[in-house]
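Trainee: I would like to learn how to read a model such as this one, feature by feature. Where do we start?

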Amino acid sequence: MARAIIIKTRKNKYRAGETEILALVNHPMETGRRKNKKTKKKIPAHYITKLDIELNGKTVASCNLGPAVSKRPLVGISVAGAKSGDKIKLSWKDNKNESGSKTGAVK
């Protein structure tokens, strides 16, 4: 299933020469502990396990996520030396072997 991914960048206002990369993945992030209110059955676990961010083909962040992360997780990192036009790629994989990716560019 295709999930929306939003990637935004901005200059870090506290550290000169660094760029913040913000990524939001539209994912349910179910823990497996919640129950459906109508059927009273547990909702199966469904969460992102791995999220990677690349800048110009080089991995700059690799995150191991789990069921404790909120629905539609927002991940932010700060990288030094990124220039306008540099290529960003975000990719993720979840516990049900779904995956997705999106590319963008530094503004």
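Trainee: Is Glu-30 buried or exposed?

Mentor: This is a predicted model, so every value is computed from its coordinates. Burial is read from relative accessible area, with under 20% counted as buried and over 50% as exposed. Glu-30 has 13%, so Glu-30 is buried.

Trainee: Which residue forms a salt bridge with Glu-30?

Mentor: Arg-34 does, and the closest N and O atoms are 2.5 Å apart. Arg-34 has a relative accessible area of 47% and is therefore partly exposed.

Trainee: How many salt bridges does the count come to?

Mentor: The count is four. Another one is formed by Glu-18 and Arg-15, with 3.9 Å from N to O. Glu-18 is buried at 17% relative accessibility, while Arg-15 is exposed at 51%.

Trainee: What is the N to O distance between Glu-98 and Arg-3?

Mentor: The closest N and O atoms of that salt bridge are 3.3 Å apart. The pair links distant parts of the chain: Arg-3 lies in the segment before β1 and Glu-98 in the loop between β6 and β7, 95 residues apart. Arg-3 counts as buried, at 18% relative accessibility.

Trainee: Let us turn to the secondary structure. How many helices and strands does the protein chain have?

Mentor: The chain has zero helices and seven strands.

Trainee: How do I read the way strands are put together in a sheet?

Mentor: Strands of a sheet pair through backbone hydrogen bonds, and the pairing is either parallel or antiparallel. In this model, one open sheet has four strands in the order β4-β3-β6-β7, with antiparallel pairing. The edges are β4 (58–64) and β7 (99–105); each has a single partner strand, so one side of each lacks a neighbour in the sheet. On average, neighbouring strands of this sheet are turned by 15 degrees against each other, direction ignored.

Trainee: How many bridges join β6 to β7?

Mentor: Seven bridges join them, and the two strands run antiparallel; β6 covers residues 87–94. To find the register by eye, look for Trp-92, which stands opposite Gly-100 in β7.

Trainee: What is the order of the strands in the three-stranded open sheet?

Mentor: The order is β1-β2-β5, and the pairing is antiparallel. Here β1 (5–11) and β5 (74–80) stand at the edges with a single partner strand each, so one side of each is left without a neighbour in the sheet. The average turn between neighbouring strands of this sheet is 20 degrees, direction ignored.

Trainee: Which residues can I use to check the register in this sheet?

Mentor: Start with β1 and β2 (residues 18–25), which run antiparallel and are joined by seven bridges. Lys-8 has Leu-22 in β2 as its bridge partner. On to β2 and β5, which also pair in the antiparallel sense over seven bridges. There the bridge partner of Glu-18 is Ala-80 in β5.

Trainee: Which side chains of β5 point to the buried face?

Mentor: Val-75, Ile-77 and Val-79 point to one face and are buried. Leu-74, Gly-76, Ser-78 and Ala-80 point to the other face and are not buried.

Trainee: And how should I read a nonpolar core?

Mentor: In soluble globular proteins, nonpolar side chains tend to be buried together. The largest nonpolar core in this model has 22 residues, and those touching the most other members are Ile-21, Val-25, Leu-51, Ile-53, Ile-88, Leu-90 and Trp-92. At least two residues of this core come from each of β1, β2, β3 (48–55), β4, β5 and β6. The most come from β3, which gives four.

Trainee: Which residues is Trp-92 in contact with, leaving aside neighbours within four places in sequence?

Mentor: The contacts of Trp-92 include Val-25 and Leu-51, as well as Ile-5, Ile-48 and Gly-100. Arg-3 and Glu-98 are also among them, and these two form the salt bridge discussed above.

Trainee: What remains is the chain as a whole. What percentage of its residues count as buried?

Mentor: Of its 107 residues, 36% count as buried. The accessible surface comes to about 7100 Å², and carbon and sulfur atoms hold 50% of that. The C-alpha trace spans about 50 × 25 × 20 Å along its principal axes. For contacts between residues at least 6 apart in sequence, 52% join residues at least 24 apart.

Terms used
Residues are numbered from 1 along each chain as its sequence is written. This is a predicted model: local features need pLDDT of at least 70, side-chain atom pairs count only at pLDDT 80 or more; totals for chains, interfaces and linings use all residues. Side-chain values use heavy atoms; hydrogens and water are left out. Two strands pair if DSSP finds at least two bridges between them. Axes are lines fitted to C-alpha atoms, for helices over the stretch in contact, and angles run from 0 to 180 degrees between N-to-C directions. Buried means under 20% relative accessible area, exposed over 50%, partly exposed in between (1.4 Å probe, protein chains only). A nonpolar core is a set of buried Ala, Val, Leu, Ile, Met, Phe, Trp, Tyr and Cys residues joined through side-chain atoms within 4.5 Å. Contact means heavy atoms within 4.5 Å. A salt bridge is a side-chain nitrogen of Lys or Arg within 4 Å of a carboxyl oxygen of Asp or Glu. Accessible areas come from the Shrake-Rupley method with a 1.4 Å probe; for residues, only the protein chains shown count as cover.
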